[in-house]
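Visitor: Please pick one part of this model and take me through it closely. I would like to follow it residue by residue, along with whatever surrounds it.

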Amino acid sequence: SFLPIPSKAVVSTQSTGTVVDGREYMLYMGRDKMENEDLLRWGFPEDVWFHVDKLSSAHVYLRLNKGEGVEDIPKELVDQCCQLVKANSIQGCKLANVDIVYTPYPNLKKTGDMVAGQVGFHKNKRVVKVNIEKNNEVWKKLEKTREERDVDLKEERERRDREEREEIKKQQKLQREMEKLQIEKERKEREMKAYKLLDTDPDLFTSNQFDNESDAERELVDDFM
């Protein structure tokens, strides 16, 4: 079981119950280290991972829309994710403020010597650190949208990858069709250019014209013989 929390945020008004430019977001949070391992294994490339820095806490994954990056996350949405991991940290929830780190999912690193629930980073420069204070209002709004249900993370990831492959094939087919159209367009342009040269240059003749002139010359010769 997981705790997928549908989060809807807006930049200028409230952080729950509305949308950002018509887009909704989903937060995933495992309830124990084994569920965190499943989240790590089957995360999306679009996910952003949140955790309390240097303290034990829940792992929260923010699922962005395709085409969005860490820099596109609204501040209110970052605050929601931070408050969520803070509230689900045994030590962090008791502190007035804590540091939260977050990074794109592809930057997470898991090696064989790490215990369940432990992760590292490929590049530390891609990790963002923020300090937050406890905000019960944000937490209460998140609790109202909490939904606990079983999630087939493997199926979700496979479906996402399948749709991506289909979209790539579709784009490749479209690209090939455009290339064919361009080749045909260039061929016709070359033909038109050649016809125009024939129309404007009297010194240019076709082979048929030469054949016709030879026939006329032969007829004149015959007349004089």
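**A strand and its surroundings**

Guide: Start with a contact: the side chains of arginine 160 and glutamate 46 are joined by a polar contact of 2.6 Å. Keep in mind that this is a predicted model. Arginine 160 belongs to helix H4, which covers residues 153-200. Arginine 160 has a relative accessible area of 8%, so it counts as buried. Beyond four places in sequence, it touches Phe44, Pro45, Glu46 and Lys66. Take Pro45 as one example. Arginine 160 and proline 45 are separated by 115 residues in sequence, yet their C-alpha atoms are 9.9 Å apart in space.

Now step along to strand S3, residues 47-52. This is the part to study. S3 is mostly covered, with six of its six residues buried. Its side chains go two ways. Asp47, Trp49 and His51 point one way, while Val48, Phe50 and Val52 point the other.

Begin with aspartate 47, which is found in S3. Its relative accessible area is 2%, so aspartate 47 is buried. What does its side chain meet there? A polar contact of 2.8 Å joins it to the side chain of arginine 63. The strand pairing involves these two residues as well: aspartate 47 stands opposite arginine 63 in S4. Leaving out neighbours within four places in sequence, aspartate 47 is in contact with Tyr61, Leu62, Arg63, Pro104 and Tyr105.

Two of those contacts, tyrosine 61 and tyrosine 105, come up again soon. First, look at the strands beside S3. S3 and S4 run antiparallel and are joined by four bridges. S3 also pairs with S5, again in the antiparallel sense, over five bridges. In that second pairing, phenylalanine 50 stands opposite tyrosine 102 in S5.

Next, valine 48. Not counting residues up to four places away, it touches Val60, Tyr61, Leu62, Leu64, Val70, Ile73, Tyr102, Thr103, Pro104 and Tyr105. Val48 and Phe50 also belong to a wider group. The largest nonpolar core has 23 residues, and both are among those with the most contacts inside it. Leu27, Val60, Leu62, Ile73 and Ile100 are on that list too. Which elements build this core? Strands S2 (25-29), S3, S4 (60-63) and S5 (97-104) each supply at least two residues, and so do helices H2 (75-87) and H3 (136-144). H2 gives the largest share, six residues. There is also a second, separate core of twelve residues, and it includes Tyr28, Leu40, Leu108 and Val151.

Move to tryptophan 49 and its ring. The whole structure holds three aromatic pairs. In one of them, tryptophan 49 and phenylalanine 121 meet edge-to-face, 5.7 Å centre to centre, with 65° between the planes. This pair links distant parts of the chain: tryptophan 49 is in S3, phenylalanine 121 is in strand S7 (residues 120-121), and their positions lie 72 residues apart. Are the partners buried or exposed? Tryptophan 49 has a relative accessible area of 4%, so it is buried. Phenylalanine 121 reaches 21%, so it counts as partly exposed.

Tyrosine 61 and tyrosine 105 make another aromatic pair, and this one is tilted: 6.4 Å centre to centre, with 55° between the planes. Tyrosine 61 is in S4, and tyrosine 105 is in the loop between S5 and strand S6 (108-109), 44 residues apart. Tyrosine 61 is buried, at 1% relative accessible area. Tyrosine 105 is buried too, at 13%.

Last, follow the chain out of the strand. Lysine 54 lies in the loop between S3 and S4. At 76% relative accessibility, lysine 54 is exposed. Most residues other than glycine have a negative phi. Lysine 54 has a positive one, near 65°.

To recap the tour: S3 has six of six residues buried. It pairs antiparallel with S4 and with S5. The exposed lysine 54 sits in the loop between S3 and S4.

Key. Residues are numbered from 1 along each chain as its sequence is written. This is a predicted model: local features need pLDDT of at least 70, side-chain atom pairs count only at pLDDT 80 or more; totals for chains, interfaces and linings use all residues. Side-chain values use heavy atoms; hydrogens and water are left out. A nonpolar core is a set of buried Ala, Val, Leu, Ile, Met, Phe, Trp, Tyr and Cys residues joined through side-chain atoms within 4.5 Å. Buried means under 20% relative accessible area, exposed over 50%, partly exposed in between (1.4 Å probe, protein chains only). Contact means heavy atoms within 4.5 Å. A polar contact is a pair of N or O atoms within 3.5 Å; within protein, one must be able to donate a hydrogen and the other to accept it, and residues adjacent in sequence count only if both atoms are side-chain atoms. Two strands pair if DSSP finds at least two bridges between them. Rings of Phe, Tyr and Trp (its six-membered ring) pair if their centres lie within 6.5 Å; planes under 30 degrees apart count as stacked, over 60 as edge-to-face and the rest as tilted.
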